[in-house]
Amino acid sequence: MSKSKRLIFLILITAVFYPGTSLYAQEAPAANNRTEAKTLAARAVLRQAETAALRIRNDLQRDPLLDQIGVAEAKAGDLDAAVQTANQTGFPPTNTLREV
């Protein structure tokens, strides 16, 4: 093996096995950023849906809708918003509480 090939081999081995490094380190933050952006967008849409649902005067229409919005908030990871939405319903929000 020539000196240049041996040097390249040693550099690759060092880069792969050196603690704290990863060949895929640059891809992970991009995936996390996309996921975080989608989560933030979903939470914004859910806030808008909750605001619209609270304008419905008929309890029989509003409360099941708020329950489903609470379920979606819990699935999006916003447990505080899910509990707050559950507290705004007039009947037991069983689906939201089950999801939380």
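A salt bridge is a side-chain nitrogen of Lys or Arg within 4 Å of a carboxyl oxygen of Asp or Glu. With that in hand, here is a set of close-up views of a predicted model.

**Figure 1. The whole protein is built from helices.** Welcome to the overview. The protein has 5 helices and 0 strands, and its pattern along the sequence reads α-α-α-α-α. Of its 100 residues, 20% count as buried. Among the contacts with a separation of 6 or more, 48% are between residues 24 or more positions apart.

**Figure 2. Asp59, Arg62 and Asp63 are joined by salt bridges.** The structure holds 2 salt bridges, and this view shows both of them. In one, the side chains of Asp59 and Arg62 meet, with N and O at 2.4 Å. These two residues both belong to helix H3 and sit 3 residues apart, about one turn of the helix. An α-helix has 3.6 residues a turn, so residues three or four places apart point the same way. In the other salt bridge, Arg62 pairs with Asp63, and the closest N and O atoms are 3.5 Å apart. Through the shared partner, Asp59, Arg62 and Asp63 form one network. How buried or exposed is each member? Asp59 counts as partly exposed because its relative accessibility is 41%. Arg62 has a relative accessible area of 15%, so Arg62 is buried. Asp63 is buried too, at 3% relative accessibility.

**Figure 3. Helix H3 is seen from end to end.** This helix covers residues 59-75. H3 has 17 residues, and the distance from its first C-alpha to its last is 24 Å, close to the 24 Å expected at 1.5 Å a residue. At the start of H3, look for Asn58: one of its side-chain oxygens comes within 2.9 Å of the backbone nitrogen of Leu60. After the helix comes Gly77, which has a positive phi, near 90°. Which residues of H3 are buried? They are Arg62, Asp63, Leu66, Asp67, Ile69, Gly70, Val71, Glu73 and Ala74.

**Figure 4. Five residues make up the largest nonpolar core.** The members of this core are Leu46, Ala53, Leu66, Ile69 and Ala76. Two helices, H2 (27-54) and H3 (59-75), each supply at least two of the core residues. Take a moment to find Ile69, which is in contact with Leu46, Ala49, Glu50, Ala53 and Thr85 once neighbours within four places in sequence are left aside.

**Figure 5. Ala53 and Leu66 bring helices H2 and H3 into one view.** Ala53 is found in helix H2, while Leu66 lies in helix H3. Ala53 has a relative accessible area of 0%, so Ala53 counts as buried. Leu66 is likewise buried, with a relative accessible area of 0%. The C-alpha atoms of Ala53 and Leu66 are 6.6 Å apart, although 13 residues separate the pair in sequence. Not counting residues up to four places away in sequence, Ala53 touches Arg62, Leu65, Leu66 and Ile69. You may recognise Arg62 from the salt-bridge network. On the same basis of leaving out neighbours within four places, the contacts of Leu66 are Glu50, Ala53, Leu54, Thr85, Gln88, Thr89 and Thr96. One of these, Thr89, is 23 residues from Leu66 in sequence, with 6.6 Å between the C-alpha atoms.

**Figure 6. Glu50 and Glu73 are buried without a salt bridge.** Glu50 lies in helix H2, and Glu73 has its place in helix H3. Side chains of opposite charge can pair when their charged atoms come close. Which side chain of opposite charge is nearest to Glu73? The answer is Arg47, 7.3 Å away. For Glu50, the nearest is also Arg47, at 7.7 Å. A salt bridge has to be within 4 Å, so neither Glu73 nor Glu50 has one. What, then, surrounds these two buried residues? Not counting residues up to four places away in sequence, Glu73 touches Leu46, Glu50, Asp78, Ala81, Ala82 and Thr85. With the same neighbours left out, Glu50 touches Leu66, Ile69, Glu73, Thr85 and Gln88. Glu50 and Glu73 therefore touch each other, since contact means heavy atoms within 4.5 Å.

Methods:
Residues are numbered from 1 along each chain as its sequence is written. This is a predicted model: local features need pLDDT of at least 70, side-chain atom pairs count only at pLDDT 80 or more; totals for chains, interfaces and linings use all residues. Side-chain values use heavy atoms; hydrogens and water are left out. A nonpolar core is a set of buried Ala, Val, Leu, Ile, Met, Phe, Trp, Tyr and Cys residues joined through side-chain atoms within 4.5 Å. Buried means under 20% relative accessible area, exposed over 50%, partly exposed in between (1.4 Å probe, protein chains only). Helices (H or I, at least four residues) and strands (E, at least two) are DSSP runs, numbered from the N terminus. Lys and Arg count as positive and Asp and Glu as negative; His and the chain ends are not counted. The expected span of a helix is 1.5 Å times one less than its number of residues. A polar contact is a pair of N or O atoms within 3.5 Å; within protein, one must be able to donate a hydrogen and the other to accept it, and residues adjacent in sequence count only if both atoms are side-chain atoms.
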